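The following exercises concern the ligands and the empty spaces of the structure shown below. Each task sentence is followed by a solution in steps.

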Amino acid sequence: MTFEKLKQDPRMPNHIALIIDGNGRWAKHRGLPRSMGHKVGFETLKKHIEYIQDLGIKNLSIYCFSKQNWNRPQEEVDYLMKLFDEMLDEYKIKYMDKDVRIVISGDMDDERIPEIVRKKAKDLMESTKQKTGFILNPCINYGGREEILNAVNTLILNGEKDITEEKFEQHLYTRDMLPLDLVIRTSGEQRTSNYMPWQATYSEWYFTKTLWPSFSKKDLIKALKAFMKRNRRFGAIKG
Ligand code: IPE
Ligand code: IPE
Ligand code: MG
């Protein structure tokens with residue numbers, strides 16, 4: 001199946017999430033420092049953002065840095081922050097004149113994140129918030145449990161009662177996004193690692209042993225084809 005044919009398939013997902021795992025192991029296998037794995041991983045990511053946009057998929061979430069990733073050596077964290085800084089500069093140049101909204105899911109008030117990164121992230125979110133096309137959602141300093149607790153605390157502070165799913169979802173980072181259809185995790189790990197527990201309750205999960213820096217266009221197509229074959233029942237009886 002070609003990209004063109006895939007594009008016309010009505011079973012295409014609206015919202016995909018990528019857990020871009022395996023950068024460190026990719027580097028280790030080559031006798032390189034972990035930072036090189038992240039560098040190449042972020043080059044791979046750029047290509048996939050384009051493929052996913054080309055496919056007409058409306059929302060893309062990417063797990064870039066978890067709340068728990070602060071437990072890594074400072075040198076690695078610093079390198080990742082430098083990559084995020086560059087990534088935000090690139091997004092600004094690339095998407096400012098396009099119908100692309102940037103949402104950054106995660107705690108952007110955390111002072112452990114360099115001030116310049118927090119500022120660039122907030123500016124980019126603010127300046128693209130009116131756009132209605134593609135939503136690009138890199139998740140930086142994100143934790144799913146933390147996101148849920150924040151929502152709960154905000155609702156309590158607002159004195160809200162009779163909280164419905166709809167009201168609750170208004171306090172999640174994904175509030176303006178479509179339901180999460182497919183989560184792809186690379187590197188062979190089969191766990192969620194605190195990623196979108198609320199949003200992924202009825203998502204399809206696709207696991208591949210491929211390490212993220214090596215994840216190719218072919219691999220993406222394979223994942224999409226697998227997704228399209230799934231029978232999503234949502235608790236009912238279908239198919
Ligand atoms: C995931 O790759 C990328 C980030 C956490 C940013 P890892 O760094 O977790 O790579 P492995 O899992 O150690 O191979
Ligand atoms: C999940 O990967 C986070 C990102 C990809 C950013 P981890 O490598 O941090 O997850 P664990 O530690 O293997 O569960
Ligand atoms: Mg990992």
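**Exercise 1. Identify which residues come nearest to ligand 1, and describe the shell around this ligand.**

Step 1. In this predicted model, where local features need pLDDT of at least 70, side-chain atom pairs count only at pLDDT 80 or more, and totals for chains, interfaces and linings use all residues, side-chain values use heavy atoms, with hydrogens and water left out. Residues are numbered from 1 along each chain as its sequence is written, while chains are lettered from A and ligands numbered from 1 in the order in which they are written.

Step 2. There are 13 residues around ligand 1, and those that come nearest are Asp21, Gly24, Arg25, Arg34 and Arg72. A residue is counted here if one of its heavy atoms lies within 4 Å of the molecule.

Step 3. By class, the shell around ligand 1 consists of 3 nonpolar, 5 polar and 5 charged residues. Ala, Val, Leu, Ile, Met, Phe, Trp, Tyr, Cys and Pro count as nonpolar, Asp, Glu, Lys and Arg as charged, and the others, Gly among them, as polar.

Step 4. H2, H3 and helix H4 (74-95) each contribute at least two residues to the shell around ligand 1, and H2 provides the largest share, 3 residues. Helices (H or I, at least four residues) and strands (E, at least two) are DSSP runs, numbered from the N terminus.

**Exercise 2. State which polar contacts reach an oxygen atom of ligand 1, and how much of the ligand the protein covers.**

Step 1. A polar contact is a pair of N or O atoms within 3.5 Å; within protein, one must be able to donate a hydrogen and the other to accept it, and residues adjacent in sequence count only if both atoms are side-chain atoms.

Step 2. Aspartate 21 places a polar side-chain atom 2.9 Å from an oxygen atom of ligand 1. Two contacts involve the backbone: an N or O atom of glycine 22 at 3.3 Å from a ligand oxygen, and an N or O atom of asparagine 23 at 3.1 Å from a ligand oxygen.

Step 3. On its own, ligand 1 has 380 Å² of accessible area, and the protein covers 89% of it. Accessible areas come from the Shrake-Rupley method with a 1.4 Å probe; for residues, only the protein chains shown count as cover.

**Exercise 3. List the residues around ligand 2 and give its polar contacts.**

Step 1. The residues around ligand 2 are Ile19, Asp21, Tyr63, Cys64, Phe65, Asn69, Arg72, Arg185, Arg191 and Ser193. Their classes are 4 nonpolar, 2 polar and 4 charged, and E2 gives the most to this shell, with 3 residues.

Step 2. A polar side-chain atom of serine 193 lies 2.6 Å from an oxygen atom of ligand 2. For the side chain of asparagine 69 the distance from an N or O atom to a ligand oxygen is 2.9 Å, and for the side chain of aspartate 21 it is 3.2 Å.

Step 3. The protein buries 78% of the 390 Å² that ligand 2 exposes when taken alone.

**Exercise 4. Which pocket does ligand 1 occupy, and what lines that pocket?**

Step 1. Ligand 1 takes up the largest pocket, and ligand 2 sits in the largest pocket as well. A molecule sits in a cavity or pocket if more than half of its atoms lie within 2 Å of its grid points.

Step 2. On a 1 Å grid over the protein atoms alone, a pocket is an open set of points with protein on both sides within 12 Å along at least five of seven lines, a cavity is a set where a 1.4 Å probe fits but cannot get out, and lining residues have an atom within 4 Å of a point.

Step 3. The largest pocket holds about 470 Å³ of space. It is lined by 23 residues, with Ile20, Asp21, Asn69, Arg72 and Arg185 closest to its centre. A volume is the space filled by probe spheres set on the points, which are joined across faces, edges and corners.

Step 4. Helix H2 (23-29), helix H3 (34-54) and strand E2 (59-66) each supply at least two lining residues, and E2 has the largest share, 4 residues. The lining comprises 7 nonpolar, 9 polar and 7 charged residues.

**Exercise 5. Determine how many cavities of 30 Å³ or more the structure holds.**

Step 1. There is 1 such cavity, and the volume of the largest cavity is about 40 Å³.

Step 2. Its lining includes Lys67, Asp107, Tyr142, Glu146 and Tyr173, and H6 supplies the largest share, 3 residues.
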